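The following account leads the reader through a protein structure, moving from single residues to strands and then to helices. Please keep the sequence and the model in view while reading.

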Amino acid sequence: MSTLDFIIWNGNPELFSFESPVGYISLRWYGLLFALGFLVSQQILYYIHKKEGKPESDVEILTIYMIVATIIGARLGHVLFYQPEMLWQDPLGVILPFEFTPEFRFTGLKGLASHGGAIGILFALWLYARKKKPGQNYLQVLDRIVILVALTGALIRFGNYFNSEILGKPTTLPTGVVFFSQAHASVLGDPTRSNNPVEVVTVKKNPGAADTIPGMKPIRIFVLFKAGFPEQEVRFFIDGEIQQRLFYAPESVLRPTGMGLFFKTILDERSNQIMAQIDTLGVTRHPAQLYEAISCLLLFMLLFYIWNKHKQHLPEGRIFGLFMIILWSLRFGYEFLKENQVAFEDKLPLNMGQILSIPLVIIGVVILIRSYKRPQPGA
């Protein structure tokens with residue numbers, strides 16, 4: 001087995017966390033990258049307004065419109081498109097980033113839909129353009145903003161990768177990734193519980209083992225137990241608890257080999273701790289989040305180049321039309337490589353992401369054709 005034929009991703013989605021008087025609070029990479037997208041985009045928008053001689057004071061207003069529209073639109077989009085039952089089962093959960101049961105906990109907004117964010121942005125910028133800013137009609141504003149949306153989208157998808165969410169389907173390609181982070185947390189258990197015997201969990205490739213099932217790769221998990229935990233109890237714990245945790249890992253990326261886990265134990269007499277070495281298989285999946293992140297980054301570079309080359313002579317709607325066609329066509333294609341987000345999609349000929357992408361591509365085609373039929377500014 002080549003050491004380059006797959007990747008293990010075991011990143012921690014949390015940048016840091018702490019206990020507060022109101023409960024457990026954490027800063028996640030996803031949230032940081034989400035915010036960074038808006039901060040960087042704002043600076044680029046300052047540059048665009050300066051080069052075009054437009055009021056830089058409008059940038060703050062546009063930034064507020066964008067942030068509010070993206071968050072509200074993406075959240076409502078997720079609920080309406082994927083979890084409409086939340087509207088009557090947990091209406092507060094639609095808008096509040098907290099859980100109140102079994103105890104108060106900051107969770108963030110669980111579930112943001114990019115299609116909902118797109119609709120929110122289109123509506124918010126329509127409201128902005130109604131103010132009739134000099135030289136800023138609706139399509140011209142969209143032409144500039146979608147450049148920044150592509151960049152922000154790239155950072156958000158990198159955040160999805162850190163979170164090990166929006167998983168791809170199994171693949172045999174060397175770009176396949178074993179997403180282990182959620183399984184890591186499951187095997188580790190709650191470190192604050194006194195009866196939790198697990199102290200440390202790590203994972204590596206198992207280069208000495210042969211590939212036996214396409215799309216699955218041999219991996220080796222090391223579990224360090226707390227000092228004094230007896231070897232017999234370790235064996236019972238692995239055969240029972242750990243095997244169950246791996247098999248039912250949240251992202252379902254791991255499968256025990258054969259009828260049970262193959263493992264051996266090593267006792268460190270100095271620390272009186274047992275290290276278990278567990279050999280099992282990891283499902284290698286398409287890193288769909290990275291595919292989309294890289295595509296969005298390239299799209300940002302293309303659109304920024306087009307704007308930088310033409311600026312004031314750019315036909316209105318040209319960049320917006322290209323953005324809509326390229327981004328949502330790619331999204332439609334990438335959905336074939338991704339697992340469905342909710343169960344009802346399994347019964348559909350196309351999943352919800354593909355269904356929602358089709359009208360957005362059509363809008364892009366219409367706007368792009370319109371941009372070629374209308375005379376260029378200054379022509």
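Ser164 lies in the loop that runs between helix H6 and strand S6 (177–179). In this predicted model, the residue has a positive phi of about 55°, although it is not a glycine. Its relative accessible area is 1%, and Ser164 is therefore buried. Ile166 belongs to the loop between H6 and S6 as well. Phi of Ile166 is also positive, with a value near 55°, and this residue too is other than glycine. With a relative accessible area of 21%, however, Ile166 is partly exposed; the reason is that buried residues must fall under 20%.

These two residues belong to a protein with 11 helices and 11 strands. Of its 379 residues, 46% count as buried. Among the contacts with a separation of 6 or more, 71% are between residues 24 or more positions apart.

Strand S3, which covers residues 23–28, contains Leu27. The relative accessibility of Leu27 is 30%, so that the residue counts as partly exposed. Which residues does Leu27 touch, not counting those up to four places away in sequence? They are Glu14, Leu15 and Phe16. Glu14 is 13 residues from Leu27 along the chain, and the C-alpha atoms of the two are separated by 5.8 Å.

The strands further along the chain may be taken next. Strand S11 comprises residues 273–283 and is mostly covered, with 10 of its 11 residues buried. One of its pairings is with strand S8 (residues 216–225), in the antiparallel sense and over 9 bridges. Within S11, Ile278 stands opposite Ile221. Strand S10 (residues 262–268) also runs antiparallel to S11, and 7 bridges join the two. Here Phe263 has Ile278 of S11 as its bridge partner. Ile278 is thus matched with Ile221 and with Phe263. S10 and S11 form a hairpin, with 4 residues between the two strands. In the turn of this hairpin, Asn272 has a positive phi of about 60°.

Attention now passes to the helices. Helix H1 (residues 29–52) packs against H2 at an angle of about 150°, and the axes of the two helices are 10 Å apart. H1 is therefore roughly antiparallel to H2, because angles over 145 degrees count as such. The crossing in which H1 passes H2 is right-handed. On the H1 side, the residues that meet H2 are Phe34, Phe38, Gln42, Leu45, Tyr46 and His49. An α-helix has 3.6 residues a turn, so residues three or four places apart point the same way. The residues of H2 that H1 meets include Asp58, Leu62, Met66, Ile67 and Ile71.

Helix H9 and helix H10 offer another packed pair. Their angle is about 165°, and their axes lie 11 Å apart. H9 is therefore roughly antiparallel to H10. H9 passes H10 in a right-handed crossing. H9 contributes to this contact through residues including Tyr291, Ser295, Leu299, Leu302, Ile306 and Trp307. From H10, the residues that take part include Ile319, Phe323, Leu327, Leu330 and Tyr334.

H10 itself spans residues 318–334, a stretch of 17 residues. From its first C-alpha to its last, H10 reaches 24 Å, close to the 24 Å expected at 1.5 Å a residue. Which residues of H10 are buried? They are Arg318, Ile319, Phe320, Gly321, Phe323, Met324, Leu327, Trp328, Arg331 and Tyr334. Among these buried residues, Phe323 and Leu327 also take part in the contact with H9. What covers the buried residues of H10? The cover includes helix H9 (288–310), already met above, together with helix H2 (57–82), helix H5 (114–129), helix H6 (138–162) and helix H11 (352–373). H2, the partner of H1 in the packing described earlier, is thus also among the elements that cover H10.

Conventions: Residues are numbered from 1 along each chain as its sequence is written. This is a predicted model: local features need pLDDT of at least 70, side-chain atom pairs count only at pLDDT 80 or more; totals for chains, interfaces and linings use all residues. Side-chain values use heavy atoms; hydrogens and water are left out. Buried means under 20% relative accessible area, exposed over 50%, partly exposed in between (1.4 Å probe, protein chains only). Contact means heavy atoms within 4.5 Å. The expected span of a helix is 1.5 Å times one less than its number of residues. Two strands pair if DSSP finds at least two bridges between them. Axes are lines fitted to C-alpha atoms, for helices over the stretch in contact, and angles run from 0 to 180 degrees between N-to-C directions. Angles under 35 degrees count as roughly parallel, over 145 as roughly antiparallel, 65 to 115 as roughly perpendicular and the rest as oblique. A crossing is left-handed if the near helix is turned anticlockwise from the far one by less than a right angle, and right-handed if clockwise.
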